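Reader: Please guide me through this structure, one feature at a time. How should each be read?

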Amino acid sequence: MNTVTVAAGQYTTTTISTAGFALGLALLGAELWRWHKGGKGGGGKGKGDDGGGAARDPKALIPLGFGIVCGILMIACPAGLLGTLAGFLRWGGNSVGDLSMKWLTGTPSQTLGTAATPRIDGYGAIVVTAVVVTLWILRKTIAKAVRGRWWKGVLIGVLLCVSTGTAALIAQQVVEGANGLGAWAIGGIAKGEIA
């Protein structure tokens with residue numbers, strides 16, 4: 001059996017409760033249902049009143065998916081404003097989920113796990129910074145409905161990526177992708193090195 005030793009600095013440790021995870025799943029399920037029905041209304045015509053577009057149009061999932069990726073990258077920032085905001089969102093999700101779980105089932109939530117999520121490196125930080133600054137500059141030009149789906153995606157990403165299952169595997173790929181993209185940008189764009 002092979003064992004892998006990983007430096008502690010490569011990971012950031014965060015905690016999610018079963019209730020916070022359930023809340024993340026509920027939000028994801030609701031958004032996918034809206035997408036499947038074609039917006040809030042559904043109404044059989046494939047058009048909703050929230051600008052969701054035609055039912056099952058893959059383009060309508062882009063803001064949600066991008067938000068999930070941003071939420072995952074926020075968790076991968078162990079400090080700074082993004083890491084603090086991710087911690088606040090996770091705390092809020094755990095709290096609201098716990099309250100809902102107690103009221104609905106009479107059972108308090110438990111710690112799902114203290115998972116070590118991958119951490120962005122100096123190259124990944126370039127990508128995250130560029131994305132955040134771009135979103136800040138463009139915030140007034142993005143439709144309100146799109147911003148709403150993006151924020152839901154951020155919350156879903158923050159709540160679901162702290163696990164040890166499939167969500168954690170996806171989170172690892174997103175963070176490693178950001179780190180690799182940043183390294184490529186420095187090597188290829190900034191320094192002109194072609195590998």
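Author: A residue is called buried under 20% relative accessible area, exposed over 50%, and partly exposed in between (1.4 Å probe, protein chains only). D98 is buried on this scale, because its relative accessible area is 18%. This is a predicted model, in which local features need pLDDT of at least 70 and side-chain atom pairs count only at pLDDT 80 or more, whereas totals for chains, interfaces and linings use all residues. Residues are numbered from 1 along each chain as its sequence is written, and side-chain values use heavy atoms, with hydrogens and water left out.

Reader: What percentage of the residues of the protein count as buried?

Author: Of its 195 residues, 32% are in that class.

Reader: How many helices and strands does the protein have?

Author: Helices (H or I, at least four residues) and strands (E, at least two) are DSSP runs, numbered from the N terminus. Here there are 6 helices and 2 strands, and along the sequence they follow the pattern β-α-α-α-β-α-α-α.

Reader: What span should α5 have, and how far apart are its end C-alpha atoms?

Author: The expected span of a helix is 1.5 Å times one less than its number of residues. For the 17 residues of α5 the expectation is 24 Å, and the end C-alpha atoms are 24 Å apart, so the two agree. Several residues of α5 are buried, among them R149, W150, G153 and V154; I156 and G157 also belong to the buried set of this helix.

Reader: How many salt bridges does the count come to?

Author: Side chains of opposite charge can pair when their charged atoms come close. Under the rule used here (a side-chain nitrogen of Lys or Arg within 4 Å of a carboxyl oxygen of Asp or Glu), the count comes to 3 salt bridges.

Reader: Where do K102 and D98 lie, and about how many helical turns separate them?

Author: Both are in helix α3, and they are separated by about one helical turn because they are 4 residues apart. Their side chains form a salt bridge with an N to O distance of 3.3 Å. K102 is partly exposed, since its relative accessibility is 40%, while D98 is buried at 18%.

Reader: Which residues do salt bridges with shared partners join into one network?

Author: E31, R34 and K152 are joined in this way. R34 and E31 meet at 2.9 Å, N to O; they are 3 residues apart in helix α1 (residues 18-37), so about one helical turn lies between them. K152 and E31 meet at 3.1 Å, N to O. That second pair links distant parts of the chain, with K152 in helix α5 and E31 in helix α1, 121 residues apart.

Reader: Is E31 buried or exposed?

Author: E31 counts as buried, because its relative accessibility is 6%. Its partners are classed otherwise: R34 is partly exposed at 29%, and K152 is partly exposed at 30%.

Reader: Which residues make the nonpolar surface patch?

Author: Patches are made of residues with over 30% relative accessible area and no salt bridge; like charges are joined within 9 Å, and nonpolar side chains (Val, Leu, Ile, Met, Phe, Trp, Tyr) within 5 Å. The areas come from the Shrake-Rupley method with a 1.4 Å probe, and for residues only the protein chains shown count as cover. L85, F88, W91 and W151 make the nonpolar patch, of about 470 Å². Helix α3 gives the largest share, 3 residues. F88 lies in that helix and is exposed, because its relative accessible area is 52%.

Reader: Which residues gather in the patch of positive charge?

Author: Lys and Arg count as positive and Asp and Glu as negative, with His and the chain ends not counted; the place of a charge is taken as NZ of Lys, CZ of Arg, CG of Asp or CD of Glu. The surface patch of positive charge consists of R139, K140, K144 and R147. R139 is in the loop between α4 (122-138) and α5 (144-160), and it is partly exposed at 32%.

Reader: How far apart in space are the C-alpha atoms of M101 and L23?

Author: They are separated by 9.3 Å, although the two residues are 78 residues apart along the chain. M101 lies in helix α3 (residues 80-105) and is partly exposed, with a relative accessible area of 21%. A further case is I170 with I72: 98 residues apart in sequence, 9.0 Å apart C-alpha to C-alpha. I170 is found in helix α6 (residues 166-190) and is partly exposed at 46%.
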